[in-house]
Amino acid sequence: MAYTVRTQPHDYQFTVEDGQTILDAALKQSILLPYGCRSGNCGVCKSQLVDGKVFYETPPGVEMGVNEVLLCKAQAASDLVVKAEVNADSKEIEIKQMPCRIEKKQMLCHDVMQLFLKVPDNEKLVFYAGQFIDFMLEGGKRRSYSLASAPDNNNLIELHFRYVEGGRFSNYIFNEAKEKDILRIEGPFGRFALNKDSESPIIFVAGGTGFAPIKSVIEDMLANQILRPIYLYWGVRAKEDLYMDDLAKRWAEQYQHIQYIPVLSAVKPEDNWQGRVGFVHEAVGEDFADLSGYEIYAAGPPIMIDAARQPFSDKNLPEDHFFCDAFEYNTVISS
């Protein structure tokens, strides 16, 4: 049985079939509702249920308020009305499946692989900077990775893979995949895209390979001469983990509106590090007493996103000025 979902305040409508989550149904119909990890652990897709009934096959993994619904886990038990912001440009993006070919792979550091994928000449992967794609694997499994390239070259796409011990797909990419191998992808997905209606300064907060979608957004901004002030904070454990440090430094050197602040949380003696130490969100808090006039785009593991949310709110960051892309390594990427 199919049910109709209507969103407020912009009155988008889509249908949900039996066995589909509200979020999956929306994405299949190119309705970009808010979401992050899609595994029920980050809470980004929590929305207000205005009318109707939902159910969960497994309990939500985050605390839920009164009349809140977790879109990535909830299924419809009736027609629904949901209060959720929808990207107004949703219909410009077509979510589709396509084959792709491994064009090039190279190590960026001890545990991060850069992969370039070529889509067919008669296809275009139209996406917003900062979105991600799913790799479609055997048995209906999927693995999600952010696009690290800007949309201007949509026939050749770049991704950054972090090696995860015991992760079957990451082991394939690092140790078995060869150039010219064919993979199948679906996308694009995600709402980690620049708010083009704003002129506020931007604070980017990257954790590990969360640098990838931020790289996509910054390169797209530069290509389109969007010169909003940018503060790029990149948090990793040790100096060796800053796998594109030279690129970030080059941005800061070439463009007066970009500042780059790397932050190490587990400095090694051989790093000879003279820069910032600690957790990356704490570095932002030390530098900004009032965040009310800024937008923050954060990409990294859920623990980083969760740790940052309340301290940023305490410094007057409006809730709708916090954009995040949480990477759930265990359930989304690693196995």
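These are my notebook entries on what I looked up in this structure, which is a predicted model.

**Entry 1: the largest nonpolar core**

I began with the nonpolar cores and asked which residues of the largest one touch the most other members. In this core of 33 residues, they are F14, I22, L33, L71 and V82. I then looked up where the members come from, and found that β1 (3–8), β2 (13–16), α1 (22–28), β5 (68–70), β6 (74–76) and β7 (80–83) each supply at least two residues of this core. Helix α1 gives the largest share, with 5 residues.

I picked L71 for a closer look and listed its contacts, setting aside its neighbours within four places in sequence. What remains is T21, I22, L23, L33, P34, C45, S47 and V82. Three names in that list, I22, L33 and V82, I had already written down among the residues that touch the most other members of the core.

**Entry 2: a second core and helix α4**

Apart from the core just described lies another one, of 31 residues, and its members include Y243, L247, A248 and W251. I went on to helix α4, which covers residues 245–254, and asked which of its residues are buried. They are D245, L247, A248 and W251, and of these I had just noted L247, A248 and W251 as members of the second core. The buried residues of α4 pack against helix α3 (211–223) and against the strands β15 (230–236) and β16 (258–264).

After α4 I looked at the loop between α4 and β16, where Q256 is found. Is Q256 buried or exposed? With a relative accessibility of 86%, Q256 counts as exposed, because exposed means over 50%. I also noted its distance to L227, which is 29 residues away along the chain: the two C-alpha atoms are separated by 9.3 Å.

**Entry 3: A212 in helix α3**

Since α3 had come up as a partner of α4, I chose a residue from α3, namely A212. Its relative accessible area is 2%, so I wrote A212 down as buried. Which residues does A212 touch, if those up to four places away in sequence are not counted? They are L147, A148, H160 and Y243, and Y243 is a residue I had met as a member of the second core. I also recorded that A212 and M244 are 32 residues apart in sequence, while their C-alpha atoms are 9.7 Å apart in space.

**Entry 4: how α5 meets α6**

Next I turned to helix α5 (residues 280–287) and helix α6 (residues 302–314), which pack at an angle of about 20° with their axes 9 Å apart. Because the angle is under 35 degrees, α5 counts as roughly parallel to α6. The crossing in which α5 passes α6 is right-handed. On the side of α5 the contact is made by V280, H281 and V284, and on the side of α6 by M304, A307, A308, P311 and F312. I sorted these residues by class and found 7 nonpolar residues, 1 polar residue and no charged residues.

**Entry 5: N155 in a loop**

I then looked up N155, which is found in the loop between β11 (142–146) and β12 (156–162). I asked whether N155 is buried or exposed. Its relative accessibility is 13%, so N155 counts as buried, the limit for that being under 20%. Not counting residues up to four places away in sequence, N155 touches L117, K118, V119, P120, D121, E123 and K124. N122 is 33 residues away from N155 in sequence, and the C-alpha atoms of the two are 9.2 Å apart in space.

**Entry 6: the backbone**

Last, I checked the backbone, beginning with cis peptide bonds. One joins Q8 and P9, with omega at about 10°, and P9 lies in the loop between β1 and β2. Another joins G187 and P188, with omega at about 5°, and P188 is found in strand β13 (residues 182–189).

I also looked for positive phi values in residues other than glycine. N67 has a phi near 65° and sits in the loop between β4 (54–56) and β5. K180 has a positive phi of about 85° and is found in the loop between α2 (168–176) and β13. For K180 I looked up the accessibility as well: at 52% relative accessibility, K180 counts as exposed, because the limit for exposed is over 50%.

Notes. Residues numbered from 1 in each chain as written. Predicted model: local features only at pLDDT ≥ 70, side-chain atom pairs only at ≥ 80, totals over all residues. Heavy atoms only, no water. Buried < 20%, exposed > 50% of the residue type's maximum accessible area, 1.4 Å probe, protein only. Helix = DSSP H or I, 4+ residues; strand = E, 2+ residues; numbered from the N terminus. Contact = heavy atoms within 4.5 Å. Axes fitted to C-alpha atoms, helices over the stretch in contact; angles between N-to-C directions. Parallel < 35°, antiparallel > 145°, perpendicular 65-115°, else oblique. Left-handed = near helix turned anticlockwise from the far one by under 90°. Nonpolar A, V, L, I, M, F, W, Y, C, P; charged D, E, K, R; others polar. Core = buried A, V, L, I, M, F, W, Y, C linked by side-chain atoms within 4.5 Å.
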